[in-house]
Amino acid sequence: MDSASGAHASSFDDFVRDRGRALWRAAFLLTGDPHTAEDLVQTALSRTFRRYDGIANDATFDVYVRTTMYRTFCSWWRRAWRGESPTASMPETLSTDPVDEERLDVLRALHELPPRQRSILVLRYFEDRSITEVATLLGVTEGTVKSASHKGVAAMRDSVHLIDQEADHER
């Protein structure tokens, strides 16, 4: 191995070490499964590895990896939509921590949404991306992002997983 490719691998390794957890978190919000999230991040990183040296800095490369990750997720759910059907409910959890329960309820509500709406909500509200950034990342119009955001938030408000919490907080 020459020194140039050795330096490339080392810098890329540093990028993964620094940004890997945030990438996995976004992937988990999309997929709802830790193993599928790992697969999604790994797939995005393997698809973008060769471009690392050609991109100016880690922040720009992070955007490139996330774009690849979201587009890969979209292609996965398109394939799954053709042949698989989702389960009606999420598995029960053993946690008794109310914060963990609330987090799971939000995840359950999020996973009731169609994948495109879920992707848009994750980017907009969990990653605090602008409408323009989300549109660019997903390759859709800004109007699509606005519409899907509005409908997704309304669906989250109406989710049976979150309605009970609102009633509990009002008491």
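1. In which helix is Ile-131 found? In this predicted model, Ile-131 is found in helix α6, where the residue is partly exposed with a relative accessible area of 23%. Leaving aside its neighbours within four places in sequence, Ile-131 is in contact with Arg-124, Glu-142, Val-145 and Lys-146. The pair Ile-131 and Val-145 stands 14 residues apart in sequence, and the C-alpha to C-alpha separation of these two residues in space is 6.4 Å.

2. As to the overall fold, the protein chain holds eight helices and zero strands, and the order of its elements, read from the N terminus, is accordingly written α-α-α-α-α-α-α-α. Of the 171 residues in the chain, 35% are buried. When contacts between residues at least 6 apart in sequence are taken together, 64% of them join residues at least 24 apart.

3. Confidence should be kept in view when reading the model. The mean pLDDT of the protein chain is 79, with 74% of the residues reaching 70 or more. Among the elements, helix α2 (residues 34-48) has the highest mean pLDDT, at 93, whereas helix α8 (residues 160-170) has the lowest, at 57. Over residues 1-7 the pLDDT is below 50, and this stretch has one contact in the model beyond near neighbours in sequence.

4. Helix α6 spans residues 131-138, and its buried residues are Val-134, Ala-135, Leu-137 and Leu-138. Seen down the axis of α6, these buried residues fall within an arc of 165°, so they line one face of the helix. Just after α6, Gly-139 takes a positive phi of about 70°.

5. Leu-137, which lies in helix α6, counts as buried at 3% relative accessibility. Apart from neighbours within four places in sequence, the contacts of Leu-137 are with Val-63, Arg-66, Thr-67, Arg-71, Leu-123 and Arg-129. Leu-137 can also be set beside Tyr-64, a residue 73 places away along the chain, since the C-alpha atoms of the two are separated by 8.6 Å.

6. The loop between α5 (115-126) and α6 deserves a careful look, beginning with Arg-129, which lies in it. Is Arg-129 buried or exposed? Arg-129 has a relative accessible area of 11% and is therefore buried, given that the cut-off for this class is under 20%. Not counting residues up to four places away in sequence, Arg-129 touches Asp-62, Val-63, Arg-66, Leu-123, Arg-124, Val-134 and Leu-137.

7. Asp-128 is found in the loop between α5 and α6 as well, but this residue is exposed, with a relative accessible area of 66%. Its phi is near 55°, a positive value in a residue other than glycine, and Asp-128 takes this conformation just after α5. For context, most residues other than glycine have a negative phi.

8. Helix α5 itself has a run of buried residues, namely Gln-117, Arg-118, Ser-119, Ile-120, Leu-121, Val-122, Leu-123 and Arg-124. From helix α7 (residues 142-158), Ala-148 is in contact with Gln-117 and Ile-120, when its neighbours within four places in sequence are left aside. Ala-148 counts as buried at 9% relative accessibility, and its C-alpha atom is separated by 8.1 Å from that of Leu-121, which is 27 residues away along the chain.

9. The second largest pocket holds about 170 Å³ of space, and its lining consists of Trp-24, Arg-25, Phe-28, Leu-29, Arg-103, Val-106, Leu-107 and Phe-126. Which helices each supply at least two residues of this lining? They are α1 (3-31) and α4 (98-110), and α1 gives the most, with four residues. By residue class, the lining of the second largest pocket divides into six nonpolar, no polar and two charged residues.

Definitions and conventions:
Residues are numbered from 1 along each chain as its sequence is written. This is a predicted model: local features need pLDDT of at least 70, side-chain atom pairs count only at pLDDT 80 or more; totals for chains, interfaces and linings use all residues. Side-chain values use heavy atoms; hydrogens and water are left out. Buried means under 20% relative accessible area, exposed over 50%, partly exposed in between (1.4 Å probe, protein chains only). The arc is that of the directions from the helix axis to the C-beta atoms. On a 1 Å grid over the protein atoms alone, a cavity is a set of points where a 1.4 Å probe fits but cannot get out, and a pocket is an open set with protein on both sides within 12 Å along at least five of seven lines; lining residues have an atom within 4 Å of a point. Grid points are joined across faces, edges and corners, and a volume is the space filled by probe spheres set on the points. Ala, Val, Leu, Ile, Met, Phe, Trp, Tyr, Cys and Pro count as nonpolar, Asp, Glu, Lys and Arg as charged, and the others, Gly among them, as polar. Contact means heavy atoms within 4.5 Å. pLDDT is the predictor's confidence in each residue, from 0 to 100.
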